[in-house]
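Dear colleague,

I am passing a structure on to you, with notes on what turned up when I went through it. Please read the notes with the coordinates open.

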Amino acid sequence: MRGFGPGLRARRLLPPRYPPRPPGPRASRPCSGLTAGAMDELLRRAVPPTPVYELHEKSPALAEAQCVDFVSFYGGLAEAAQRAELLGRLAQGFGVDHGQVAKESAGVLQLHQQSREVAVLMQAEDRLRYALVPRYRGLFHHISKLDGGVRFLVQLRADLLEAQSLKLVEGPHVREMNGVLKNMLSEWFSSGFLNLERVTWHSPCEILQKISECEAVHPVKNWMDMKRRVGPYRRCYFFSHCSTPGEPLVVLHVALTRDISSNIQGIVKECPPSETEQKNRIAAAVFYSISLTQQGLQGVELGSFLIKRVVKELQKEFPHLEAFSSLSPIPGFTKWLLGLLNMQGKEHGRNELFTDSECKEISEVTGDPVHESLKGFLSSGEWVKSEKLVQALQGPLMRLCAWYLYGEKHRGYALNPVANFHLQNGAVIWRINWMADSSLKGLTSSFGLMVNYRYYLEETVHNSIAYLGAKSIKASEQVLSLVTQFQKNSKL
């Protein structure tokens, strides 16, 4: 839910590493040489016609055997293209009857214009709602009742998302089916069905192994590394579903520190101050990693629920704890900036990102004009080997990063997916940290920069409403000062 922060939205926080695709049930027929006719025949059996409105409460439920046939057939499709074709046919041919929707809509409008009694109008509206339900929703609903059915649908949606990203299947019908399935999963995975579980070094080995494998932000190197992350001054929690207890869906790692951390190596590499926790040494909870383990749950609100639950758990354990913040990577910043440098380099060396004095200082270090040398240095990571170049780049990269987080938008919301996640939760862009992640991954994705999104608990609801409604971003004085510097010294 990609970095600390979704995804946990439809676009994930960072590209998580997902577990291998589980083997599907053994197919009841060979899957090679499948024809369109075979697929259509399967779908006609598995997705019966929608009963007329008057009989919809009296019609028999879909036979379990038909659902099992679909699950078995689908599970035997080894190729992504075959699964994509079947899902495309399901979306295209078994969705909403648009002619019926138009008819029912006209009926509602006519009754409204005639000022008919409320009961008659409400029944017409109910008929319209019934007509708007796609046929395949019934199939999904009945599959969910099978043993392992919900797990199957999570994987099916993961396949659908993959097919869309690879452009194996496209179009409004596919997007609609993805939305319907996402909404159904959101209901099945709502907070009331989720169990919060804490991981310690004494947890079962299977759980520790799964947590290690699904860590998408800061990979776990070995068992000693894992032991540190669940040991003193550290907390690790995950949500599991009531139907699959012990199976992590989303995992959150927390560091308990004196101050809000500004460097990730100090969290994942350094040993804790002692084996026994001293509460007077704990004044801040830093959420430094959150990983979604199931691609099919993208966009389902798991990360936000998990943060809220963990905050409550920590407050029970440490009533004096008041400072809650993330320490988050900034995925996409490097790509964004290199794209700007490339664009300006093509325009005859135009430079509008750096001041004249900064260009001079950088050129003195590299020996070449900024637009000729800087892109190469930043792309390769060689710049960190020069202390003078690191010092020269600190000012401009800090303000460019502030603008990227605060000013770059997608449909009015923060372009960066991690920022968008935390801002939706009501957090504040609190502090941008220079050279906060010196790992190769950190330098490659965001030039070593990281950001704290701070959660002022008494303000999160107000901030979330302001962001989602008015698209207003709350930021600290440090960040706003850097944004002002960008507006003064840089142009896009």
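Is Glu-313 buried, partly exposed or exposed? Glu-313 counts as partly exposed, at 29% relative accessibility. Its partner in a salt bridge is Lys-316, with the closest N and O atoms 3.7 Å apart. Lys-316 counts as exposed, because its relative accessibility is 64% and the cut-off for that class is over 50%. Both residues lie in helix α12 (residues 303-317), three residues apart, so about one helical turn separates them. In general, residues three or four places apart in an α-helix point the same way, because the helix has 3.6 residues a turn.

Before the rest, a word on confidence. This is a predicted model. The mean pLDDT of the protein chain is 89, and 91% of its residues reach 70 or more. The stretch to treat separately is residues 1-33, where pLDDT stays under 50. The model has 111 contacts beyond four places in sequence for those residues.

Salt bridges

The structure holds 18 salt bridges, among them the pair described above. Another joins Glu-104 to Arg-127, whose closest N and O atoms are 3.5 Å apart. This pair links distant parts of the chain: Glu-104 sits in helix α4 (residues 98-113) and Arg-127 in helix α5 (residues 118-131), 23 residues apart. Glu-104 is buried, with a relative accessible area of 10%, whereas Arg-127 is partly exposed at 25%.

Lys-385 pairs with Glu-382, the closest N and O atoms being 3.3 Å apart. Lys-385 counts as exposed, at 65% relative accessibility, and Glu-382 as partly exposed, at 38%. Elsewhere, Asp-40, Glu-85 and Arg-89 are joined into one network by salt bridges that share partners.

Nonpolar cores

The largest nonpolar core has 114 residues, and the members that touch the most others are Phe-70 and Phe-189. Helix α16 (residues 387-406) supplies the largest share of this core, twelve residues. Leaving aside residues up to four places away in sequence, Phe-70 touches Leu-42, Leu-43, Ala-46, Leu-86, Leu-90, Leu-139, Ile-143, Phe-152 and Leu-156. A second core, separate from this one, has eleven residues, including Ile-207, Leu-208, Cys-214 and Cys-236. As a general point, nonpolar side chains tend to be buried together in soluble globular proteins.

Helix α19

Which residues of helix α19 (residues 460-470) are buried? Thr-460, Asn-463, Ser-464 and Tyr-467 are. These four lie on the same side of α19, because they cover an arc of only 100 degrees around the axis. The buried residues pack against β7 (413-414), α17 (417-424), β8 (428-433) and β9 (450-455). On the other side of α19, Val-461, His-462, Ile-465, Gly-469 and Ala-470 are exposed. After the helix comes Lys-471, which has a positive phi, near 60 degrees.

For a first look at the model, I would open two places. One is Phe-70, for its contacts in the largest nonpolar core. The other is helix α19, for its buried residues and the exposed ones on the other side.

Regards

Conventions:
Residues are numbered from 1 along each chain as its sequence is written. This is a predicted model: local features need pLDDT of at least 70, side-chain atom pairs count only at pLDDT 80 or more; totals for chains, interfaces and linings use all residues. Side-chain values use heavy atoms; hydrogens and water are left out. A nonpolar core is a set of buried Ala, Val, Leu, Ile, Met, Phe, Trp, Tyr and Cys residues joined through side-chain atoms within 4.5 Å. Buried means under 20% relative accessible area, exposed over 50%, partly exposed in between (1.4 Å probe, protein chains only). Helices (H or I, at least four residues) and strands (E, at least two) are DSSP runs, numbered from the N terminus. Contact means heavy atoms within 4.5 Å. A salt bridge is a side-chain nitrogen of Lys or Arg within 4 Å of a carboxyl oxygen of Asp or Glu. The arc is that of the directions from the helix axis to the C-beta atoms. pLDDT is the predictor's confidence in each residue, from 0 to 100.
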